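Thanks for coming. I have one structure to go through today, so please have a look at it first.

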Amino acid sequence: NNMEKDMKDRIAGIIQRWFLQEPPLFQVVCMHSFVENLKISCPVRSGKRVIEYNPKLLNMMSDNTVEEALRVEAIRILLQHPYERKPEMCCSQAISIGSNLVIGDNYNLKTINVDKPLDYKLKPGMPYEWYSYRIQEMLPEDDNGGNGENEDEDKDSAKMLSKSDSNRDLSGLWEEDAVTAVLINEVIEDTKSWGSLKGNFAEFLKSTAKAKINWRYIFAGFRASILSSRRKLTRMRP
């Protein structure tokens, strides 16, 4: 329909501008397919090498806000949150908010309000896993959270936690993917021009990027172990 076509054109225009303005964001979104999903309650989400978007929600936004929504998701991909192992015992809402807190703590957005650690009385500068665990503790029991500790201390912060499906949907596609993580690391390591991510955030991304996996070394070691397990001793030679 016209709404779907219009949204595809708007997204395509944004991605084309990123080619010159935001090279790392352009590269990571080009690793993904864009797919419409009218069932999700968040405007955009990523995972499994796909970026899903809800055109009904995006159509209510200005062009600048649509671009920021896509920018947030591209930054999330650079941070590799959709492709890391999920923090144990954390529900989808907790990991979604934990991811948002890292973005809000490190990147200034103009038209979208992304939560910051101080909004939940949490200290800034902490990693995604730490925030996810703390948010999990703040969630009400009926939201699969809470551990009974620091109940009074966290009561005010817990009121801020959204009970909508938006945060749950946001991380609906997340699953560990070592291959995609390696590809994202290569983008980070090869980037020379960071666009709006320059400065402290660029250094933060470089420091969080995992080391490359040397596949040749791993396979060589695996082959050696197989040969070793099959080796038999004879009188003349093994």
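Before the residues, one cut-off: exposed means over 50% relative accessible area, buried means under 20%, and partly exposed is in between. Keep in mind that this is a predicted model.

I'll start with M89, in the loop between α4 and α5, the latter being residues 92-106. M89 has a relative accessibility of 76%, so it counts as exposed. Its phi is near 65°, a positive value in a residue other than glycine. Most residues other than glycine have a negative phi.

R49 also has a positive phi, near 60°, and is again a residue other than glycine. R49 sits in the loop between β2 and β3. With a relative accessible area of 30%, R49 falls in the partly exposed class, because that figure lies between the 20% and 50% limits.

That loop brings us to the sheet. There are three strands in an open sheet, in the order β1-β3-β2, and the pairing is mixed. At the edges are β1, residues 33-36, and β2, residues 44-47, each of which pairs on one side only. On average, neighbouring strands of the sheet are turned by 25° against each other, ignoring direction. Between β1 and β3, residues 50-53, the pairing is parallel and runs over four bridges. Within that part of the sheet, E36 stands opposite Y53 in β3.

What packs on this sheet? Helix α4, residues 63-78, does, and it touches β1, β2 and β3. The direction of α4 makes about 20° with that of β2.

Now the nonpolar core. The largest one has 51 residues, and those with the most contacts inside it are W18, I75, L78, I135 and L197. Elements that each supply at least two residues of this core include α1, β3, α6 (128-138), α9 (178-190) and α10 (200-208). Which helix gives the most to this core? It is α4, with eight residues.

I75 is worth a look on your screens. Leaving out residues up to four places away in sequence, I75 touches L25, I103, Y107, L197 and F201.

Last, a glycine. G13 is in helix α1, residues 2-21. Is G13 buried or partly exposed? At 21% relative accessibility it counts as partly exposed, because buried would require under 20%. G13 and E67 are 54 residues apart in sequence, while their C-alpha atoms are 9.7 Å apart in space.

That is what I had; questions, please.

Conventions: Residues are numbered from 1 along each chain as its sequence is written. This is a predicted model: local features need pLDDT of at least 70, side-chain atom pairs count only at pLDDT 80 or more; totals for chains, interfaces and linings use all residues. Side-chain values use heavy atoms; hydrogens and water are left out. Two strands pair if DSSP finds at least two bridges between them. Axes are lines fitted to C-alpha atoms, for helices over the stretch in contact, and angles run from 0 to 180 degrees between N-to-C directions. Contact means heavy atoms within 4.5 Å. Buried means under 20% relative accessible area, exposed over 50%, partly exposed in between (1.4 Å probe, protein chains only). A nonpolar core is a set of buried Ala, Val, Leu, Ile, Met, Phe, Trp, Tyr and Cys residues joined through side-chain atoms within 4.5 Å.
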